[in-house]
Amino acid sequence: MSAARTLSFVCASMALLFAGCSSKPAIDPRPAPPPKPLASYQTLADAHNERVARLDRLWSRMSFVVRRPDPDNPSNTLSDQAEGHIQIQQPSEISVSMTKLGELFFLLGSNEQLYWWIDRSDKRDPAVLFGRHELAGPRTLEWLGVSIAPLELVDLFGITPLPEATEEYDAWVRRDREGMTAAIVPTRFGYRKLLFDPESRELLYVELLDAAGEVAVSAELGRTRRVPVEGEGMPGEFMGTRIRLTVPAEDVFISIELAEQANREVNSNAFDFDRLMRSYGRNGRVYDLDLPPEVESPQVEPDESES
């Protein structure tokens, strides 16, 4: 740009700047409209529960990417990908399988009594960790290597109902970041916070908070799609099928993509812990997370009838 053109550009810019500074902005004498009143907790809960009532079961293919810090080099990020399936039958039956090249690597699950983690990354030496829901606590979750209790995983998908409000149950609503409406309810280990669009009341985020109110895990729900219900001709309900999980304390990010999701009959064998042990945990290391660390967990003998 020539010196003359440069000077002309600067002068024009300065003229616009000073013109903007010297002109008086128009003042709207009308008072700002008051913010819309918040919906009551029960109004939000009723609308949410009506939607998730038809999401009581879920079968879906899934793929996910995990990014986490390299323990040997904090400035480096490790990334891994896997595929699998998720099966959910609320309130307590969950199965998440992770495979690579058709081989089962990990299996996370629970039924009414137990939760478990089966690690088959080394098929010759599988490891099984299990515990009972009523005895789960900070120590057992640390042993399991997760930030949340297994049953809370379903909460992060945004498909679990909200409890009814009562005088004894301290649930509440508040205006949260970016004007979103937050419904907050106590949980066994802290709080569950659901963030809704204030206009459409679409569920956008789910956060699980610890007892101090700090975020333990957050889920951003995106790519909303209908979930068809087996045996019904009417359209299914909407749910987010792109789920971004963040664990702030561990700087872990997990991206989950669901596909072919449906409310359909699930395989009961996926929640039969004894059967899973015989199929995937035989001759492996078994850890009962509810036993004191110095007590050795019993080993599971192979069932020859299912060989």
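1. Let's start with E93 and the company E93 keeps. Which residues does E93 touch once its neighbours within four places in sequence are left aside? In this predicted model, the contacts are Q87, I88, S110, N111 and F271. As for its address, E93 sits in strand β3, which covers residues 93-100.

2. Stay with E93 for a moment, as there is something to notice about its charge. E93 is buried, but no salt bridge goes with it. How far away is the nearest side chain of opposite charge? That side chain belongs to R57, and the distance is 9.6 Å. A salt bridge needs the nitrogen and the oxygen within 4 Å of each other, so keep that cut-off in mind when you look at E93 and R57.

3. Now for the charged pairs that do meet. The count of salt bridges comes to 18. One to click on is D122 with R124, where N and O are 3.7 Å apart. Are these two residues buried or exposed? D122 counts as partly exposed because its relative accessibility is 33%. R124, at a relative accessible area of 77%, is exposed.

4. Next, have a look at K193 and E207. Their closest N and O atoms are 3.3 Å apart, and the two form a salt bridge. K193 belongs to strand β9 (residues 190-196) and E207 to strand β10 (residues 203-210), so this pair ties together parts that lie 14 residues apart in sequence. Both K193 and E207 are buried. Don't stop at the pair, though: K193 and E207 also belong to a network of salt bridges, together with R174, D176 and R177.

5. Here's another bridge between strands. E257 and R242 form a salt bridge, with 3.2 Å between the closest N and O atoms. Why does this pair tie together separate parts of the sequence? E257 is in strand β13 (residues 252-262) while R242 is in strand β12 (residues 237-247), so the bridge joins parts 15 residues apart. R242 has a relative accessible area of 30%, so R242 is partly exposed.

6. On to the aromatic rings, where the count comes to five pairs. Take F130 and F273: the ring centres are 5.2 Å apart and the planes sit at 40 degrees, so this pair is tilted. The pair links distant parts of the chain, with F130 in strand β6 (residues 127-132) and F273 in helix α5 (residues 273-281), 143 residues apart. F130 and F273 are both buried.

7. W172 and Y191 make another ring pair. Their centres are 6.0 Å apart and their planes meet at 70 degrees, so the pair is edge-to-face. With W172 in strand β7 (residues 172-175) and Y191 in strand β9, the pair ties together parts that are 19 residues apart in sequence. W172 is partly exposed, at a relative accessible area of 30%. Y191 is partly exposed too, at 27% relative accessibility.

8. A few last things to find on screen. Which residues do ring pairs link into a cluster? Look for F105, F106 and W117. Then there are positive charges over rings: R177 lies over the face of Y205, at 4.8 Å from the ring centre. Similarly, R264 lies over the face of W59, and there the distance to the ring centre is 3.8 Å. You've already met R177, by the way, in the network of salt bridges with K193 and E207.

Key:
Residues are numbered from 1 along each chain as its sequence is written. This is a predicted model: local features need pLDDT of at least 70, side-chain atom pairs count only at pLDDT 80 or more; totals for chains, interfaces and linings use all residues. Side-chain values use heavy atoms; hydrogens and water are left out. Helices (H or I, at least four residues) and strands (E, at least two) are DSSP runs, numbered from the N terminus. Buried means under 20% relative accessible area, exposed over 50%, partly exposed in between (1.4 Å probe, protein chains only). Lys and Arg count as positive and Asp and Glu as negative; His and the chain ends are not counted. Contact means heavy atoms within 4.5 Å. Rings of Phe, Tyr and Trp (its six-membered ring) pair if their centres lie within 6.5 Å; planes under 30 degrees apart count as stacked, over 60 as edge-to-face and the rest as tilted. A charge sits over a ring if NZ of Lys or CZ of Arg is within 6 Å of the ring centre and within 35 degrees of the ring normal.
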